Amino acid sequence: MGDYEHPTRDSSAWDNPDFCPFCGRELSDGGPGFIDHVSSDEHATCRQRFEQWRENVVTDIGDEWSG
Ligand SMILES: [Zn+2]
């Protein structure tokens, strides 16, 4: 166990997260900080989980999700 639960996709935590929803690490700069975080090779696992999460959202709501 010890796996970090990401917030639900309609949670406000996704708009301006102050921590990584995957590993729980504190982010330096909200949304941009989160992108930096998942873009880092150091946190490739977070990136993979983020991409997986995003794919799931796209599958669910299709064209409504952009950006
Ligand atoms: Zn993370």
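**Entry 1: E51.** I began with E51 and counted 11 C-beta neighbours inside 10 Å, so I put E51 down as exposed. The model I am working from is predicted. I then looked up where E51 sits, and found it in helix 2, which covers residues 44-61. I also checked E51 against V38: the two are 13 residues apart in sequence, and their C-alpha atoms are 9.3 Å apart in space.

**Entry 2: the chain as a whole.** I went through the secondary structure next and noted 2 helices and 0 strands. The chain has 67 residues, and 12% of them count as buried. I also looked at contact range. Among contacts in the chain with a separation of 6 or more, 14% are between residues 24 or more positions apart.

**Entry 3: the core.** Which residues make up the largest nonpolar core? I listed C20, F22, F34, C46 and F50, 5 residues in all. I followed C46 further and left out its neighbours within four places in sequence. The contacts of C46 that remained were C20, F22, C23, H37 and V38. Two of these names, C20 and F22, I had already written down as core members.

**Entry 4: D36.** I placed D36 in helix 1, residues 30-39. Is D36 buried or partly exposed? I found 13 other C-beta atoms within 10 Å, and a residue is exposed at 12 or fewer and buried at 20 or more, so D36 goes down as partly exposed. I checked D36 against R47 as well; they are 11 residues apart along the chain, with 9.9 Å between their C-alpha atoms.

**Entry 5: L27.** I found L27 in the segment before helix 1. L27 has 18 C-beta neighbours inside 10 Å and therefore counts as partly exposed. For a distance I took L27 and H37, which are 10 residues apart along the chain, and read 7.5 Å from C-alpha to C-alpha. H37 was also on my list of contacts for C46.

**Entry 6: G24.** Where is G24 placed? I located G24 in the segment before helix 1. I counted 10 C-beta neighbours inside 10 Å for G24, so I entered G24 as exposed. My last distance was from G24 to H6: they are 18 residues apart in sequence, and I noted 8.9 Å in space, C-alpha to C-alpha.

Conventions. Residues are numbered from 1 along each chain as its sequence is written. This is a predicted model: local features need pLDDT of at least 70, side-chain atom pairs count only at pLDDT 80 or more; totals for chains, interfaces and linings use all residues. A nonpolar core is a set of buried Ala, Val, Leu, Ile, Met, Phe, Trp, Tyr and Cys residues joined through C-beta atoms within 7 Å. Two residues are in contact if their C-beta atoms, placed from the backbone, lie within 7 Å. Helices (H or I, at least four residues) and strands (E, at least two) are DSSP runs, numbered from the N terminus.
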